[in-house]
Structures are given as structure tokens and as C-alpha cells.
Amino acid sequence: MASISSLGIGSGLDLNGLLDQLEAAEQKQLEPIVAQQASYQAKISAYGTLEGALNSFQEAVDKLGDPALYQSLSSSVEGEGISASASELASPGRYDVEVTRLARAQSLASDGFDARDSELGAGTLSLTVGGEDVSISLSQEDSTLEGLRDAINDAEAGVSASIINTGDADNPYRLVLSSDKTGAEASISAVSFVPDDAADTELQTKLAFDISSPDPDDTGAGMHQSVAGEDAALTVNGIAITSASNSVEGAIEGVDLTLTDVGETTVKVEYNNLALREAVSGFVDSYNELKDTMGTLTSFDAESGASGELLGDATLRSIESRLRGTLSGGVAQGDFRTLSDIGITLQLDGTLELDDERLDEVISSQRGDLADFFTGGEDGVGLADSLDDTLGAILDDGGLLDNATSGLETRMESLDRQYERTEQSIEATVERYRSQFGQLDSMIASMNQTSSYLTQQFDALNAQLNQ
């Protein structure tokens, strides 16, 4: 008898539908595993959210634990013409600054040429810039005003060359040389051109310059000084100071001055109270954000029954307890022992509240004591140190949060293996059902054929008997 290729063809029964129902019933064995996987994954994700909030709080703690924060300085300027920037080397104080002259870069201009690209003759240009001698060769191919400009710029000799058009009817083009640096010492003290052909005298004449001549600004033949290189001149609290640059270092220890105009100004160097105030308020805000994150992760809505992923989680409760204990424990030494001494109080809901007026008072009058409270000073243990230890035990490798996450990941791996085994078992069971249904289908088909044959025989016998 031919084999049955599709379930139900031989028997006329909906064996495929029945097999699908049995397979769906078997698949329900996977649902508890999938639900457990989703639960563990949600907790792992929640631990990641908690870790992010803890890391942000740790950054705020680290700022308060840095002794440099309490020594940081800021500078301000009363008046115009100067900007100031203070470093850790500065000392608080008030400095009267008068700028009488800005530093300038020297500029020389040649006598006029009739064209930018007409040949002027090859030769050697010699420059003395900042006391250094530079020689630049000009070939016959490059012996134009433009070629000379490019050769000077390519030499990188501390001089920039350009060509200007004065608009004169005759000889409008002039070569301009400018010192790359400000100040008298960076100036060009001499320029000379020696032509390869003694008959080519135009460049030799128009490029001649000597700063020691009686009148270097003379506009006659040769180069003349259109702008003299000068040092900046200023006084700080009446003391005269010169600088080759308008960026002045050392006139006030630890303070960099940038001069932009002449005039009188006052530079004040003070402790950076704003940075310290922001660090303390950032500490409070960061902790409150951490508490808010914890509240969300452990929330419960009685009406909907919805709950946070870490509701009732022992790890989170332990973290919360450790942090609260460290914050309320304070420090063992110094004029300030607890957070409330500096204007920070722990509220009933576990958040921190900052008294801005009290903090400003502490910063202005007891800055050193505030530093000792958080950093511990030279020999003690500050609150930032204690919090750092607590957070380290929570966040470091092998810490509380890492162990909790690793435990869940191990369970997830076990569930993955259980899911795979269950899935294989379901496939084997369904395949067994399929085989049994195939046998049933063949058997019923055979019985139907036998029934049909017998019916035909009985019908034939009855026909003979009725004749």
C-alpha cells in the first residue's frame, strides 16, 4: 500500500490541526523560562541604571575630595584693555595695572615697482631678523616681485612678505616685510640684496635697509620702516615692566595678562568661591538624583500593580543603607563633624537639602575647615574619603553591584541552557506525535479500504440472492 505523504489524507481526519494544537501545548513549557529570563534581564538593566547614577555621584564626591578645589583661584578685571587668567601659582590680591604702550610687530615697505611679474634679476637677499642672519637665493626664473615674496615666505625666517598696491600711477607695487613676532628684539635690523649681475641694481637699491641709519622711517629710496617694532610698556602697582609680547607672564605671579589697549585697570585675584559652591551643590544634586533613581527602581503602584524592577531587592537596600550610614556618620575630627554643620541636612525621605546662606558663610569664613571636612586635611579621613571607600565597595570589580550582576548573568546562562534542552525535548515529542499520527492515518486508510471491499462483496452477494 502506498505511504501517506500528508497527515489526514488517508483517514480524512484533521491530524495536522491536532498536531499543531499539541505542539502549542508543549510550547507552553517554555513560557515560565522566558518569563524568568525577562525578569533577570530587567534586573540586570536596572542594575546598569543604578550603576550610572552611582558613578555620577562618585564623580561629585571626587571633586570635593580634591584639595586643589579649595585652593583654586579666579581673576577678574575692573576696566578695559586687559584680560587675566590665574593659575594655582597665583596669590589672592588686588593689582593696579597701567598699560602705556602695546607691543607691536615691525613692518618695512620698499620703494615702488611698476609690475608684480616683471623680471628684476637673480641674486641673494640677506636679512637680519631678531639678531639672526638669513640668506635667500633668488633664481632668474623667480626674479619677480611675486617670486621674491614667495621665496621669503618659504624661508620661514620669522618674516612674512606681501605685496600691496598703493594705486599710484607709476610704480604702485611695494614689497612689505612684517616681523612674525612683536617686540623690538624680533625686528628686522638689516636688509640687502646682492645681484648676480652687477648691472641689475633696481632690487639692490629698493631693498636696502639698516635700522641703525639716522632715519629708518625715511620714505626715500630703499626700504623704510612703516611700523617700528616695540615692546609693551606697563606698570603693576607702580612697578615698570616691559614685554616683547602683549601676552604678559610673570608681571603678576601666577597670572597671565593679555593686553589689548592702553589705559588703567585693576586686576583682582580671589579664591574661586563659585567653583567650590558649585561642587558642593553638585554633590547634593547628584545624591538626590541617585535617590530619585533608587525610588523609581523600587516603586509600586497599588492601583495598577506595576512595580519597579528592584522592588524588594536586597542589593539595592544594602547600597542605600551603606550610603546613608556614611553620610550620617560624618567625620571624627575638625571643626565640622557632620553635613549639617556646613548647611546640608538629611531629610526624612532620605534626600539632602542645602542651606545656601550657611554654605556661603562657611566658604567665605571657614574655607580651610570645609576643606578638612571633605578631604581630611593632612592626617585625617574626610567625608569624601569615607564615601569613596563605600562607593568603591559597591562599584569596584568584585564589589556589591558587580557580584549581584554576575549572579544574575550566571542564572541567565543556566536558563539559556534549560530553554535549549526544553526546546529539544518539545521537538522530539512533536516528532513522536507526528510519527504516531502517520501510523494512525495509514491504519485508518487501510481499514477504510477493507470496509469498502467488504461492502462491495456484500452488495454483490445480496444481488445474487435476490434474483
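The paragraphs below walk through the strand pairings, a helix packed on a sheet, a surface patch and an aromatic pair in this predicted model.

A good place to start is the open sheet of four strands, whose order is 7-8-4-11 and whose pairing is antiparallel. Strand 7 (159–165) and strand 11 (224–227) stand at its edges; each has a single partner strand, so one side of each is left without a neighbour in the sheet. From one strand to the next, the twist averages 30 degrees. Within this sheet, strand 4 (residues 107–109) and strand 8 (residues 173–179) run antiparallel and are joined by three bridges. Ser107 can serve as a landmark here, as this residue stands opposite Ser178 in strand 8. The sheet also has a helical companion: helix 4 (residues 145–155) lies across strand 7 and strand 8. Relative to strand 7, helix 4 runs at about 155 degrees.

Another open sheet is built from three strands in the order 2-15-14, again with antiparallel pairing. Its edges are formed by strand 2 (82–86) and strand 14 (247–252), each of which pairs on one side only. The twist in this sheet averages 30 degrees from one strand to the next. Five bridges hold the antiparallel pairing of strand 2 with strand 15 (residues 255–259). For readers following along in the structure, Ser83 is a handy marker, with Thr258 of strand 15 standing opposite.

Strand 16 (residues 263–271) deserves a paragraph of its own. Six bridges connect strand 16 to strand 1 (residues 73–78), and the two run antiparallel. In this pairing, Ser75 is found opposite Val269 of strand 16. Strand 16 is also joined to strand 3 (residues 93–101), in this case by seven bridges and likewise in the antiparallel sense. Here Val97 has Thr265 of strand 16 as its bridge partner. As a general aid when viewing such pairings, side chains in a regular strand alternate between the two faces of the sheet.

Turning to side chains, the structure holds four aromatic pairs. One of them is formed by Phe57 and Phe283, with 5.5 Å centre to centre and 35 degrees between the planes. This geometry is classed as tilted, because the angle is neither under 30 degrees, as for stacked rings, nor over 60, as for edge-to-face ones. The pair links distant parts of the chain: Phe57 belongs to helix 2 (residues 31–64) and Phe283 to helix 6 (residues 273–297), with their positions 226 residues apart in numbering.

Finally, the surface carries a nonpolar patch of about 550 Å². Its members are Tyr453, Leu454, Phe458, Leu461 and Leu465. Of these, Tyr453 can be located in helix 11 (residues 400–465).

Note on methods: Residues are numbered from 1 along each chain as its sequence is written. This is a predicted model: local features need pLDDT of at least 70, side-chain atom pairs count only at pLDDT 80 or more; totals for chains, interfaces and linings use all residues. Side-chain values use heavy atoms; hydrogens and water are left out. Two strands pair if DSSP finds at least two bridges between them. Axes are lines fitted to C-alpha atoms, for helices over the stretch in contact, and angles run from 0 to 180 degrees between N-to-C directions. Contact means heavy atoms within 4.5 Å. Patches are made of residues with over 30% relative accessible area and no salt bridge: like charges are joined within 9 Å, nonpolar side chains (Val, Leu, Ile, Met, Phe, Trp, Tyr) within 5 Å. Accessible areas come from the Shrake-Rupley method with a 1.4 Å probe; for residues, only the protein chains shown count as cover. A salt bridge is a side-chain nitrogen of Lys or Arg within 4 Å of a carboxyl oxygen of Asp or Glu. Rings of Phe, Tyr and Trp (its six-membered ring) pair if their centres lie within 6.5 Å; planes under 30 degrees apart count as stacked, over 60 as edge-to-face and the rest as tilted.
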